[in-house]
Each structure stands twice: as C-alpha cells, then as structure tokens.
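Open the model in your viewer and keep the selection panel at hand. The stops below say what to pick next and what to look for.

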Amino acid sequence: MGSPIERIEVIPLRIPEDKSADSDGTVDTVLVVLGDAEGRIGIGESDAPPEVVKAYIEMPTAHIWSRNSTHMLLGSDPVEITAIWERLYDGTLYPGRRGLGIHALSAIDIALHDLAGKQLGLPAYKLMGGARRERLRPYCTIFPGMPMGRTLRQLLDLTFRQFERALAIGFRTLKMEVLYFDLVTDRELAAAVAEGRRALGPDIAMAVDFGYRWSDWRQALATLERIAEHDILFAEATLQHDDLVGHARLAGRSPIPVCGAEFAATRFEIKEWLDVAKVDIVQPDISRCGGLTEIRRIAELAAMGGAQVIPHGWKTGILAACGRHFQAACPASPLFEFISPKVYESPLREHLVGPEPEVKDGTMDLPSGVGLGVELDWGVVERYRVKT
Ligand code: MG
C-alpha cells in the first residue's frame, strides 16, 4: 500500500500581462499539490478558472452528494487512483458531474498519478497499463495569436516563422491555426491554407484548426472540399462545439477527417460525440475531461466507436507530460497536441516544470523518471502565485 495523502494545496497561478483579447490557455493555471507522510508530492493542473477550481475543491460539505474534495482525499492511499476518482465523483454529483467539477477532478487525478508513480517508483504510463508503442508522436500547434488588428499577411508571416522553428527543432507534424474570423472570406481562408501547405512542402503532416468558424455545416464542407487537395490530416473546430448533429452531417461527407469534443468532460459526453456527432477524432483535454483515468476510458470507447483520440493540450508542462504518458499507454491515440515553448512564447509553459522533452525526427522518447517525470520550480510558483 502507498503512503496516505497528508496534505493538499490548491494554488492558482497567473501571469501579470493582460492577454484577455487573445486565446492563450497558458496565461494561468491551477495546481493541485498532494503530499504524503514521506514528503513526496504529486502535482496536477486543470485548464479551468483557477480561483473557481480552488473554491470548488475546498467548498464546505453540504451533504453526501456535495462534499469537500480535500476531506475525501486526506488519508487516502494515492495508489488507489480509480477508487478515489469514483469517490470524488460520487461525492460531488450535485455540483460536479460535468464541466467545472470534472475539470477540478482532472487536476486531482493527474496529481494522484504523479504521487502514486513516485511512491511505487514507476512512470505514470506504467500505472496505466504500460507502453503500447516505442516512440511518441506529438504534433506542434502553430498559432500566431488572434488577429488583434493585424493583417492576414502579418499573421501568415508569423505562422511561417513558427513553422520554421518547429521544423528546426524536430517536429514533423504541425497544426496551422487559421483563427482569422471576419478578416477573410472562406475563399481567402482556403488560399491561406494552400499557402501553408506550400510553405511546409509535401513531406510534413499538416492539420488545420478553424477556431469554430462556421455555424452551417454546408459552408464548412465547401471549404474542406476546397482544401482537401492539400493533404490535410484533420479539420479541427469547424462547427460550433455543441452542434453534434451538424458535426455528423459534416463528418459523413467531408473528404478530411473531422475532429471535435475538445471541451467535453467525461466519457458520457464523449459517448454523445461518438454516437451522435460521429466524428473521426475526439480531442478531450486530459486536464478537463476527468484526468488520465477518464481519458483511458474514453480511449476504450473511441476504439469501439471507430474513432481516434488526439488529446487537446494548451497549458503548462504538466499537461504536456500527461499527453506523453497517455499516448505511451494508448494504442488509439496516433498523436497528441504539444505546444513547444521554443515555438510559442509563454512563461508558465516554459518555466513551471522541467525537464522539457526532446523531439527527434518527429518523435519523442517514452517518458522517463517516476510519476509524471517533471518537477515543479517552486520559485516560478511563488512568482506567479495569485495573492489571495
Ligand atoms: Mg484547438
């Protein structure tokens, strides 16, 4: 048996710059730190409003279905990860069974994997059943930021500079974010994607993220048909997130695999994405969908539903590490999203934890070390800790 959880700290972090007009998930995070009697700690994070997650985890107990999560965790054996997950889920059914409650549970579940791995002397992927592949394959998201007054030319030039950086450090699969909204027509958007393909050449795998551009699946389809000749790996965030029927119509006709579900929480929501939306690829975020425990259940469902899992990830090195452990242990996951601090500048992404994995010929080694295999820099925690 593992050493019981003795200490729980929930720490909101935020960078001082105002980036509220942009779309950057690395401006803040909320850490969950679990400590045992021997002084080991496990760390997790959630891509959700930090102070709200903290308040949720620490809320006073009202009754059996609305309980304080820290009280349920104290004294628990961190090795019993699934049992703890179920206890927390059942104990917060009133406020927590979707959305924010699951985001908070995700951070706890990630921290449990880290702490249990450290206690047992194993990397987290071995707790998840062990390696199902020899090398990992990340894709690097290329995002010049929201338009914010810039021209299409300026956005594309920055995009292509980021392409060059990503390729120079070893990535072979990239995703071009084309969140141009009203700056371009659909035809101009298709031309920008064509220019992206020319910049990369034919040998680099290229996906495209449209940033929820369309409400009408026929309009989305027209653009996907127009760009299909450019060998697009998948089309992300085409229609409005909760338009499951529209996704089904699009996915049934699109020449490019259609993705969805990056905001989904729990296997129950993903089941709707598989049964109703019928997308080719689901993209749950490990720090929002219910953690490593839940995304493994999701992967089993996806495999039975003829879909693949390519997790979303736009947070710090903690979530980036989760993507690696998940893909290591999951045959249904051909790729995972990875933002590189060498391509996209972000102080929390770059400095909060280390070491940073190397990319070689488009792939990474299996994670090494115990637990998640990354360590917090407490100086960085203190620097960005939200003063409450
Ligand atoms: Mg995205």
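**Stop 1: strand β4**

Select residues 138-142, strand β4, in this predicted model. The strand is mostly covered, with five of its five residues buried. Show the side chains. P138, C140 and I142 point one way, while Y139 and T141 point the other way. That is the pattern of a regular strand, where side chains alternate between the two faces of the sheet. Here the residues on both sides are buried.

Now add the neighbours of β4. Which strands pair with β4, and in what sense? One is strand β11, residues 336-338, which runs parallel to β4 and is joined to it by three bridges. Look for C140 in β4 opposite F338 in β11. Another is strand β5, residues 173-177, also parallel and also paired over three bridges. There, I142 stands opposite M176.

Add helix α7, residues 152-168. With β4 and β5, helix α7 makes a right-handed β-α-β unit.

**Stop 2: the magnesium ion**

Centre on the magnesium ion. Its protein donors are D209, through OD, and E236, through OE. They lie 2.1 to 2.4 Å from the ion. D209 sits in strand β6 (residues 205-209) and E236 in strand β7 (residues 232-236), so the pair ties together parts that are 27 residues apart in sequence. Both D209 and E236 are buried.

Step on to A237. This residue lies in the loop between β7 and α10 (244-253). Check its backbone: phi is near 50 degrees, a positive value in a residue other than glycine. Most residues other than glycine have a negative phi. A237 is buried, at 5% relative accessible area.

**Stop 3: another positive phi**

Select F181, in the loop between β5 and α8. Its phi is near 50 degrees, again positive in a residue that is not glycine. Is F181 buried or partly exposed? At a relative accessible area of 32%, F181 is partly exposed.

**Stop 4: D77**

Go to the loop between α2 (69-73) and α3 (81-91) and pick D77. What is the nearest side chain of opposite charge, and how far away is it? It is R40, 9.1 Å away. A salt bridge needs a nitrogen-to-oxygen distance within 4 Å. D77 is buried yet has no salt bridge.

Turn to backbone nitrogens instead. The D77 side chain reaches that of G2 at 3.1 Å. It also reaches the backbone nitrogen of V79 at 3.0 Å.

**Stop 5: salt bridges**

The whole structure holds 28 salt bridges. Start with R153 and E195, whose side chains meet at 2.7 Å, N to O. R153 lies in helix α7 and E195 in helix α8 (residues 186-200), so the contact ties together parts that are 42 residues apart in sequence. R153 is partly exposed, with 39% relative accessibility. E195 is partly exposed too, with 22%.

Next, select R267 and E294. Their side chains form a salt bridge of 2.9 Å, N to O. R267 belongs to helix α11 (residues 266-277) and E294 to helix α12 (residues 291-304), so this pair ties together parts that are 27 residues apart in sequence. E294 has 0% relative accessibility and counts as buried.

Stay on E294 and add R297. These side chains also meet in a salt bridge, at 2.7 Å, N to O. The two residues are three apart in helix α12, which puts about one helical turn between them. Both E294 and R297 are buried.

Finish this stop with a multiple selection: R14, D28, D47, E51, R288 and K315. Salt bridges link them in a network.

**Stop 6: a cis peptide and helix α15**

Select G354 and P355. The peptide bond joining them is cis, with omega about 0 degrees. Most peptide bonds are trans. P355 lies in the loop between β12 (353-354) and β13 (375-376).

Last, pick Y384 in helix α15, residues 378-384. Y384 is buried, with a relative accessible area of 8%. Add P347, which is 37 residues away along the chain. The C-alpha atoms of Y384 and P347 are separated by 9.6 Å.

Terms used: Residues numbered from 1 in each chain as written. Predicted model: local features only at pLDDT ≥ 70, side-chain atom pairs only at ≥ 80, totals over all residues. Heavy atoms only, no water. Donors = N, O, S within 2.8 Å, 3.2 Å for Na, K, Ca; no water. Helix = DSSP H or I, 4+ residues; strand = E, 2+ residues; numbered from the N terminus. Buried < 20%, exposed > 50% of the residue type's maximum accessible area, 1.4 Å probe, protein only. Pairing = 2+ DSSP bridges. Right-handed = clockwise from strand over helix to strand, strands pointing away. Lys, Arg positive; Asp, Glu negative; His and termini not counted. Polar contact = N/O pair within 3.5 Å; in protein donor to acceptor, adjacent residues only side chain to side chain.
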